Amino acid sequence: MGSAPELRTLLKQYFGFSSFRPLQEQIISDALQGRDVVALLPTGGGKSLCFQLPALALNGLTVVVSPLIALMKDQVDAMKSAGVAAGCLNSSLDRAEATATMRGLHQGEYRLLYVAPERLMLSGFLADLQRWNVKLLAVDEAHCISEWGHDFRPEYRQLAQFRESLKDVPIMALTATATTRVREDILRQLHLREPRCYVASFNRPNLAYRVIPKSAPYDQVLQFVRSRSRECGIIYCQSRKSVEAVAAHLFAEGIPARAYHAGLDASERSRNQELFLRDEVRVICATIAFGMGINKPNVRYVIHYDLPKNIESYYQETGRAGRDGLPGECLLLFNPGDVIKQKQFIEDKTDPKEQAIAREQLEQMVHYAESSQCRRASLLEYFGEEYPDPNCQGCDNCLSPRENYDGTIHAQKLLSCIYRIRELSGFSVGLGHVVEVLTGADTDKVRKWNHQKLSTYGIGKDKSRPEWQAIGRELARLGYVRQNPDRFNVLELTAEGVAFLKQKQTVMLTKPMAVPEKTRQQVGDIACDEELFESLRTLRKQLAAERAVPPYIIFSDVTLRQVGRLYPQTLQELGRIQGLGEKKLQEFGTVLLEAVQAHLATRPRQFFADDSFAAPKSAAAKPAFNGTAVTTLQMFRAGKSVPQIAKARGLSTGTIYTHLAQAFATGKEKDLDAFLTLEQQKEIAEAFEKAGLPHLGPVHELLKGKFEYGILKVFRAARFGTNPD
């Protein structure tokens, strides 16, 4: 088996989906043809299906290497729930469980085996694999093989032995986060042979990103969590002490919260995790020990109480929100003091190379936190991807842009101070010392090096040290100075910085962060009968308790919200809802229909726009249609083309397309035929339907770049009435 129709049959039968997400089908097809594959798919992008479906199509065993014991158990439960023979081997199994699994493997009973990397190296295990008819090896969390990855695991380096022992078995390497450097490491370390590489968009359009100044953090977290009383979330803290303090603070305020960190007793840690997975506890306060591999799709928010050590960690941790495609929020509390704590951890490392890597990664994380650039664009840029829109409508910097001010005088003071220190002493210093000189501090180092005699000593007393620190970091981001990681991050003027001082240029700086007032568009939400949805959640919880599995193993929130929107009356109608495969229909179909009928017996049916058994449309708010967009629309109606309008108005074509998209989304313009031919409309519509959700990246990819992003945006606004990307 392996043809497209047969794969789609398996997809519907076991997983309840009628179409693939972007790149899944190509990745699976290559694996079935025996090719090595590298797949970079974002969290929630369907990585697991890429090896689970081949396991059903291949006549043999698919082995999945994973460092995540919790994920193994989770996915084995999910596969068994879908009717797939799956097992795992790791340190959490007792002797009897491990023996039973080994017996089943020897008898050829399994299609899918999850195994920890250290298990593979046990004596005799490679020989066992050669007897078990292995057809595919999947290496999950493949970034762990690279020391440039955010979670380097030395035992992953030993996986190359597979290539020697199982030469004809294709390898599939999968990860949700990998820079170009890490990708190259994966290819080299796994000895992949002419692999096909697939890189999906790293954009998570349903996630909102926000960074706020960290001030009275307990109260900030409490206010945020209280405003989301029915939602589940994760709060990440740097230390075990903070984890326990935040959890205790929330619990004392009546919020069901628990702590999770490596210092807890194993039984307590496991119990708290299970309570969270089963929706008994709404909030988990955790160190990074929690979450990797936790496949809980209905996490609605992730809070970073402290600054993450690098962007990969931050991206992966925020990615645990909204895995079901419904809206999720990502809040980072930022205090420059947290940077000092992270630097102290870095200094504790003994390997100079590890220190250099960690310093570079921390600098990039601080840049993200302090930048006034679109958060989404910043994240995508880090992973080598360009975000096409000027405003993502889903981050604080886009929703509430910070004001700029003329920072020329401040920049001149700081850059001159760096220059004078170097001129007097013959060496450079770090930002902290530069700020001490600027603010006229009387310290041992200042006196030792006679820096109190500099002309720039004390010329910055009009601002506080934290303000000067922020200005220094922004000037580094703008390219006027650089921190030399090989020399303890001392500051050095760049050619641009020297030119700025000599040529008396001007520079605009950004005012400090403030808590944004606006709320984001909710991308990808599914409007439904909320009372019925809550009733179905209660039913799901009961069904899960009877089977001793987490609720999301039974149904996802997406499935329940579609039931609560469409009120299915028959098994046939129910079978058209996302996430209900044959086994789940047989096991739960009747009880779901009974719940819908019981609800309608006492309450009226609610009606939603375009009630149909199709992919749900976004419930995003319609964008405003302002004066400048009106001018663009008038010129378009007068027969001007987009390039002509852009040239006449001195604007980019992207801005003009945005204006026209707003016109269609708000109903000011309805004649799409004036913009695209019927044949073009049909072609684009088919691409949107195949992509499954109205997001531009996958559609642009499916159409192989035939239509530029602006045209797709206008079509989407006309067809879906929204701008979800």
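## Overall form and selected local sites

The protein has 33 helices and 17 strands, and the model described here is a predicted one. Its radius of gyration is 28 Å, close to the 27 Å that the globule rule gives for 725 residues, so the protein is as compact as a globular protein of that length. Measured out along the principal axes, the C-alpha trace spans about 80 × 75 × 55 Å. Of the 725 residues in the protein, 54% are buried. Where contacts join residues at least 6 apart in sequence, 72% of them link residues at least 24 apart.

### Helix α13 and its surroundings

Helix α13, which covers residues 311–318, packs against helix α15, which covers residues 352–370, at an angle of about 55° and with the two axes 8 Å apart. That angle makes α13 oblique to α15, because it falls in neither the roughly parallel range, under 35 degrees, nor the roughly perpendicular range of 65 to 115 degrees. On the side of α13 the contact is made by Ile 311, Glu 312 and Tyr 314, while α15 contributes Gln 361, Gln 364, Met 365 and Tyr 368. By character, the residues of this contact divide into four nonpolar, two polar and one charged.

Thr 318 is also found in helix α13. With a relative accessible area of 1%, Thr 318 is buried, and a polar atom of its side chain lies 3.0 Å from the backbone oxygen of Tyr 315. Leaving aside residues up to four places away in sequence, Thr 318 touches Leu 207, Tyr 209, Val 302, His 304 and Cys 330.

### A threonine in a loop

Thr 439 offers another threonine to examine, this one in the loop between α19 (431–438) and α20 (444–448). Why does Thr 439 count as buried? Its relative accessible area is 16%, and the cut-off for a buried residue is under 20%. The side chain of Thr 439 reaches two backbone oxygens, that of Val 435 at 2.8 Å and that of Glu 436 at 3.4 Å. When residues up to four places away in sequence are not counted, Thr 439 touches Gly 458, Gly 460, Lys 461, Lys 463, Arg 465 and Trp 468.

The polar contacts of the two threonine side chains with backbone oxygens are set out below.

| Side chain | Backbone oxygen of | Distance |
|---|---|---|
| Thr 318 | Tyr 315 | 3.0 Å |
| Thr 439 | Val 435 | 2.8 Å |
| Thr 439 | Glu 436 | 3.4 Å |

### Positive phi outside glycine

Most residues other than glycine have a negative phi. Leu 23 has a phi near 80°, a positive value in a residue other than glycine, and Asn 133 likewise has a positive phi, of about 60°, although it is not a glycine. Leu 23 lies in the loop between α1 (4–15) and α2 (24–32), whereas Asn 133 is found in the loop between α7 (125–131) and β5 (134–139). Are these residues buried or exposed to some degree? At 7% relative accessibility Leu 23 counts as buried, while Asn 133, with a relative accessible area of 39%, is partly exposed.

### Pairs separated along the chain

Two further sites bring together parts of the chain that are separated in sequence, as their C-alpha distances show. Gly 581 has its place in the loop between α26 (571–574) and α27 (582–602), and at 4% relative accessibility this glycine counts as buried. Which separation is found between the C-alpha atoms of Gly 581 and Tyr 14? These atoms are separated by 5.0 Å, although the two residues stand 567 residues apart along the chain. With residues up to four places away in sequence not counted, Gly 581 touches Lys 12, Gln 13, Phe 15 and Gly 16.

Ser 165 is found in helix α8, which covers residues 161–165. At 25% relative accessibility, Ser 165 counts as partly exposed. The C-alpha atoms of Ser 165 and Leu 126 are separated by 7.1 Å, and the residues are 39 apart along the chain. Leu 126 is also one of the residues that Ser 165 touches, together with Gln 130, when residues up to four places away in sequence are not counted.

Key:
Residues are numbered from 1 along each chain as its sequence is written. This is a predicted model: local features need pLDDT of at least 70, side-chain atom pairs count only at pLDDT 80 or more; totals for chains, interfaces and linings use all residues. Side-chain values use heavy atoms; hydrogens and water are left out. Axes are lines fitted to C-alpha atoms, for helices over the stretch in contact, and angles run from 0 to 180 degrees between N-to-C directions. Helices (H or I, at least four residues) and strands (E, at least two) are DSSP runs, numbered from the N terminus. Angles under 35 degrees count as roughly parallel, over 145 as roughly antiparallel, 65 to 115 as roughly perpendicular and the rest as oblique. Contact means heavy atoms within 4.5 Å. Ala, Val, Leu, Ile, Met, Phe, Trp, Tyr, Cys and Pro count as nonpolar, Asp, Glu, Lys and Arg as charged, and the others, Gly among them, as polar. Buried means under 20% relative accessible area, exposed over 50%, partly exposed in between (1.4 Å probe, protein chains only). A polar contact is a pair of N or O atoms within 3.5 Å; within protein, one must be able to donate a hydrogen and the other to accept it, and residues adjacent in sequence count only if both atoms are side-chain atoms. The radius of gyration is taken over C-alpha atoms; the globule rule is 2.2 Å times the number of residues to the power 0.38.
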